[in-house]
Number of protein chains: 2
Amino acid sequence: MVRTLSEENYLKAIYALKRKGEEKVSVKIIAIYMGNSPASVVDMLKKLSAKELVNYDKKSGADLSSTGYSAALSIIRKHRLWEVFLCENLGYTWDKVHDIAEQLEHIKSEDLADKLSDYLGNPKFDPHGDPIPDKKGNIPKKDKVLLSKSQLGKSYRVVGVLDASTLFLEYLQKLKVNLGVMIQLEELNAFDGSMLVKINEGESQTVSLKFAQNIWVSPA
Amino acid sequence: MVRTLSEENYLKAIYALKRKGEEKVSVKIIAIYMGNSPASVVDMLKKLSAKELVNYDKKSGADLSSTGYSAALSIIRKHRLWEVFLCENLGYTWDKVHDIAEQLEHIKSEDLADKLSDYLGNPKFDPHGDPIPDKKGNIPKKDKVLLSKSQLGKSYRVVGVLDASTLFLEYLQKLKVNLGVMIQLEELNAFDGSMLVKINEGESQTVSLKFAQNIWVSPA
DNA sequence: AATAAAAATTAGCCTAGACTAATTTTATTG
DNA sequence: CAATAAAATTAGTCTAGGCTAATTTTTATT
């Protein structure tokens, strides 16, 4: 079945909102998330329902059907595979790849995604630490925690970010916090939640609670 | 300036028709080439003229302005770079890459094209033997001739095809005529123009004049 | 339960880019 | 050079996917 760019973006949005933990994916929430008017969302939900990609009723909100879910996963898989390619092979930094991957994810060819995945060595995570579904839709799990929940004194490796905004990613670049960098909590300030962290054997640095709540780390 | 998919495809078409040697790129010719109605072509030519990408008058037909020309070259560059990537890195055969490259060529990022080109070693020709413009728009030249015009008994290397139709490309696969394969004219039949060729040190094979008129070879 | 507020929906409009059918302009040719 | 044929254009329609404004439905609050 042929899917338009716009349809694909709605599927992605519903998937993202569900995974973000929205109890009910309402018209309003989708509209805000996508920056479209509620009227447009209603139209599209009708269209997607007719195509049986989405189940929607006002009461319980929108949800992906099983075909809709596969479609969404396939788009996310492509997005993340292309991000790996852009970073690892073309030398982009992880804060610059999103917009391009946003375009590449819509290239229609499952075979291309499979071949790309093989070429990249079937990576399980993208440069932001997000899991890459395999071709059957299995999503790898990682034992990652937010830096803010990590254990004092223990060594961790940075595996991703929660907030992928350019502002945050650029701040990370400045602090030289890249994917794969070692990081360690040294001191907790009970007053404002700020903390002292050591980055990659360098000097220790004070960061805010908000900062630590947006970095995924994995024991190392 | 933002260009839509459709606009880009018209620019490509005008470029291709010009290069194909059409004296006058008329509404009718564009319509046939793209499979659109003449009415649609007129509409789009108006739009492209307003954007100063195309100069058009009924008398002399359509032509690319200098910005239109750069835009077309940039799309062609991307198309051919992606074809190289698909064949060389992902293992596609040259007869399978066109449709995917047709999508990839519209990814908007000159920087991506540059990085991809570097990654591929700045190739000068795509898998069909067509030249890849560099970032400044210079188009490499190749001393290629059609097999039908090659010298009897001399060794050549296959560098491309004129007719890139699936039918022809599949026929080539069957004959094991791939890019880079050695080929040599052994005998000419004056009656129907058919010829005996040796492919890659294998057995000799009879092919039609039409066949030989659609294969580009380069002395080797 | 009545009312107010919020959410969803409908109605109607817009643009891009197609289309067909009708018309006008240009070219050909007897 | 008038008649015809061909090419270009215009007029009007359609679909996708947006929008605003108005209305209806649902939910919350006195």
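These legends walk through several close-up views of a predicted model that holds two protein chains and two DNA strands.

**View 1. Chains A and B are related by a two-fold axis.**
Two copies of a chain are related by a rotation about an axis and a shift along it. Here, turning chain A by 180° with 0.1 Å of shift along the axis places it on chain B, with an RMSD of 0.1 Å. That is the relation of a two-fold axis. To find the axis from chain A, look for A:Leu104: its C-alpha is the nearest of that chain, 3.7 Å away from the axis. Both copies use the same surface, since 100% of the contact residues of chain A recur in chain B.

**View 2. Chain A is divided into two domains.**
Domain 1 of chain A covers residues 5–64, and domain 2 covers residues 145–219. How far apart are the centres of domain 1 and domain 2 of chain A? Taken over C-alpha atoms, these centres are 34 Å apart.

**View 3. Six strands of chain A form an open sheet.**
Follow the strands across the sheet in the order β3-β8-β4-β5-β6-β7; their pairing is antiparallel. Strands of a sheet pair through backbone hydrogen bonds, either parallel or antiparallel. Which strands sit at the edges? They are β3 (145–146) and β7 (204–207) of chain A, each of which pairs on one side only. Strand β6 (residues 195–199) of chain A runs antiparallel to β7(A), and four bridges join the two. To pick out a bridge, start at A:Val197 and look across to its partner in β7(A), A:Gln205.

**View 4. DNA strand D has 22 residues around it.**
The residues that come nearest to DNA strand D are A:Thr4, A:Ser6, A:Ser37, A:Ser40 and A:Lys47. Which part of the strand faces them? Of the atoms of DNA strand D within 4 Å of the protein, 84% belong to sugar and phosphate. Both chains take part in this surface: α1 (5–19) and α3 (38–50) of chain A, and α2 (27–34) and α3 (38–50) of chain B, each supply at least two residues. The largest share, five residues, is from α3(A). Sorted by class, the surface near DNA strand D has eight nonpolar, seven polar and seven charged residues.

**View 5. Side chains from both protein chains meet phosphate oxygens of DNA strand D.**
Begin with A:Thr4, where a side-chain N or O atom is 2.5 Å from a phosphate oxygen of DNA strand D. For B:Tyr56, the corresponding distance to a phosphate oxygen of this strand is 3.0 Å. For the side chain of A:Tyr10, it is 3.5 Å.

**View 6. DNA strand C has 21 residues around it.**
The closest residues to DNA strand C are A:Lys28, B:Thr4, B:Ser6, B:Ser40 and B:Lys47. Sugar and phosphate make up 87% of the atoms of DNA strand C that come within 4 Å of the protein. Helices α2 (27–34) and α3 of chain A, along with α1 (5–19) and α3 of chain B, each give at least two residues to the surface near this strand. By class, that surface has eight nonpolar, seven polar and six charged residues.

**View 7. Side-chain and backbone atoms lie by phosphate oxygens of DNA strand C.**
A polar side-chain atom of B:Thr4 is 2.5 Å from a phosphate oxygen of DNA strand C. For A:Lys28, a polar side-chain atom is 2.7 Å from a phosphate oxygen of the strand. With B:Ser37, look at the backbone instead: an N or O atom there lies 2.8 Å from a phosphate oxygen of DNA strand C.

Terms used: Residues numbered from 1 in each chain as written. Chains lettered and ligands numbered in written order. Predicted model: local features only at pLDDT ≥ 70, side-chain atom pairs only at ≥ 80, totals over all residues. Heavy atoms only, no water. Least-squares fit on C-alpha atoms with pLDDT ≥ 70 in both. Contact = heavy atoms within 4.5 Å. Near = heavy atom within 4 Å. Polar contact = N/O pair within 3.5 Å; in protein donor to acceptor, adjacent residues only side chain to side chain. Nonpolar A, V, L, I, M, F, W, Y, C, P; charged D, E, K, R; others polar. Pairing = 2+ DSSP bridges. Domains from an automatic or database assignment.
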